[in-house]
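Reader: I'd love a close look at one small part of this model, a single residue and the strands around it. Could you walk me through what surrounds it?

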Amino acid sequence: MRAQQDGGAGQEKPGRRRWRFPPRGRPLRGRRPSLRVDYPRRGRHGVRRWLPSWRQLLLVAGTGAAALTGWLAWFYVTTAVPEDLNSFATQQNNVYYWADGTEMARIGPTNRQEVPLGRVPEPVQWAVLAAENETFYTDPGISVTGIGRAVTQMVTGGDTQGGSTITQQYVKNIYLNQRQDMSRKLSEIVIAIKLDDRMSKQEILAGYLNTSWFGRGSYGIQRAAAAYYGKDVSQIDPSEGAFLAALLKGAGQYDPAVGAANRERAEERWSWILDRMVETGKLSAAERARYTVFPEPRAQPKSAGLSGQVGYLVDMARAYVESHSDITPAQFDLGGHQIRTTFEKPRVDALSAAVKEGTAGIDPDNREADRLLKVGAASVAPDGRVVALYGGPDYLKQGFNNANTSTVPIGSAFTPVVYAAGLGQGAQRQRGGTRTPVTPTTTYNGDDGVNVMTPEGPYWGRDGKIAKTANDGKRNWGTITLRNAVEQSVNGPLMQLGMDVGLDRVQKTATDLGLLPDSLGELVPALGVGNSTPSALRTADAYAAFAAGGSHTDPYSVLTVSRNGVQLPLSLPTAVQALTPAVAGEVDAALKGSARDGAAKSVAEAGPGLAAKPGTTADRTAGWCVGYNGQLSTAVTVFRADLKDMKLLSLEGLGGAAPDTSDAALPTRIWTAYMKSTGAR
């Protein structure tokens, strides 16, 4: 009865509903299926739970491809071709300013001139195509393989410019944007495709040739023909055209006027381009055989605005900007830059006047010993600012900068660096022994011709002889303190001190003070007395650390750089502690003693508180005077050399002086005259 009242076994009671889960994978009736992605995957275990199914992989790939396709379509549609392409390819002056903000020089008048393609000889056109894009007339404005290679190089940090067609390079020229990022590259590709559709190949090639940078401030092949060969482009022959085409790979690397390495690269690429023209059928083998001699371009003319010292200053400032900013040489030649330099006109004028005064007795027309005399000088503030420079008599007559040369030995003007290394690091006179302190009162044998010693015994030179010390005038000083040796310019003790400290440690101290590693001499005893060849600029900067408590800042010549009023990023050096204040103070004391009553006592007439050190070389090929007044460190060097081979000649008898006159006499006169004129300014 009960079972019947309840509706029987297996029957539900009226008014009640019993829920059951549907079979696996079948959705509940009356409810929408879930859109949740089955990940991590249900019903899987271990690693398989985290491995996506092939359907999921296809979904992700398809979604990504659709998004990328949509984005590329949007990018293509929204990337516009400039209305006036050539408005992007104009050039302006670069203006250089003195440290006080007054104008120093205005360089780079517009050097761009358009010519129709018909004025460019066909062999010259084909030389460019052989060098840059031989498929120009058949490609769609881009190279798929080149783009793939460029993208790969971009991702891996390589050079992204390889593989660009001439159409792409033209786009880059008109935008004047050398950034190497994906956005710029994609814009270049899109505009190249659109240009190839809108313009004829001849129009594109003409635009490319008229906007490309060929170096020497020249934009366009017409001005390049004038800059390198003094010709109208219509007069350029295939050989000269091949050289101009070589410049398109990078004028800074292929202009022979820059140096021997450039000339070698230029000749190799010139020859390769001519060979490529033969391979592509644009130059006959017979005509190629006529061009076996490299078509040497003419020397680069200098701007009249660079006369006197200004050219040296401009060159140094430009080199600093190009090496400490993202501005390329091509962008710099485009102009529109304002460069605020560190140079102070009153000091530059004073240094030039001091050289003129000091060399008043030099008579190269009537005295053989006075011929080929070169003077270089530089003044540097303790914070690294280069405030004055003397690079030569006139930049337009001699472009070589005597103040920045690294071919002249510094001689005994290097000994304060050895002294600083000894005071800071001590000496090690026994192999494996402990280092012993070196102080200003440490004594050495100051006689001439003393054997140079190592921990194992005398130092034997490559000539099979024992190396010996050599003092100026072969004078014997007996036992002498290191401080007195520096003050009186006694070379022997400082040569031995270098050996005792360790020549590698001396070199390390020199580089800490800013002397360039490439200018430092061999690790032989002569290192201690100046077989290194730092420039006057770097030497002045190193001495500045002695006056600044051991703080050193690399020299710099530019304060700010801007373009059309917008300041651009420029890296400036920061100060580092090269020496301890105690060591710098001891070197400073010795140099002041030298200027007061030591080897440089003749400079005392320029005023109190000066510190100075004369410098000479054993072979009499260079004379120096380096020192400071606490506010300004100045180095003056003199040498005789033919700039064609830079072979140094003897200074003996310079200015009609007696044979035993110190080679430091002339630079010391110049240094003293300069300090007199600048005073405490």
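Author: Happy to! Please keep in mind that this is a predicted model. Let's start at Arg620, which lies in the loop that joins β16 (611–616) to β17 (622–628). Is this arginine buried or exposed? Its relative accessibility is 19%, and because buried means under 20%, Arg620 counts as buried.

Now for its surroundings. The side chain of Arg620 comes to 2.7 Å from the backbone oxygen of Pro659. Pro659 is also one of the residues that Arg620 touches beyond its sequence neighbours up to four places away; the others are Leu649, Ser650, Leu651, Glu652, Thr661 and Asp663.

The backbone here is worth a look too. β16 and β17 form a hairpin with five residues between the strands, and in it Arg620 has a positive phi near 60 degrees. The two strands run antiparallel and are joined by six bridges, with Thr616 having Gly623 of β17 as its bridge partner.

Following the chain onward brings us to β17 itself, where seven of seven residues are buried. Ala622, Trp624, Val626 and Tyr628 lie on one side, Gly623, Cys625 and Gly627 on the other, and both faces are covered.

β17 also pairs with β18 (residues 633–642), again in the antiparallel sense, over seven bridges. Here Trp624 stands opposite Thr637 of β18. The hairpin of β17 and β18 has four residues between its strands, and Gly630 takes a positive phi near 95 degrees in it.

Key
Residues are numbered from 1 along each chain as its sequence is written. This is a predicted model: local features need pLDDT of at least 70, side-chain atom pairs count only at pLDDT 80 or more; totals for chains, interfaces and linings use all residues. Side-chain values use heavy atoms; hydrogens and water are left out. Buried means under 20% relative accessible area, exposed over 50%, partly exposed in between (1.4 Å probe, protein chains only). A polar contact is a pair of N or O atoms within 3.5 Å; within protein, one must be able to donate a hydrogen and the other to accept it, and residues adjacent in sequence count only if both atoms are side-chain atoms. Contact means heavy atoms within 4.5 Å. Two strands pair if DSSP finds at least two bridges between them.
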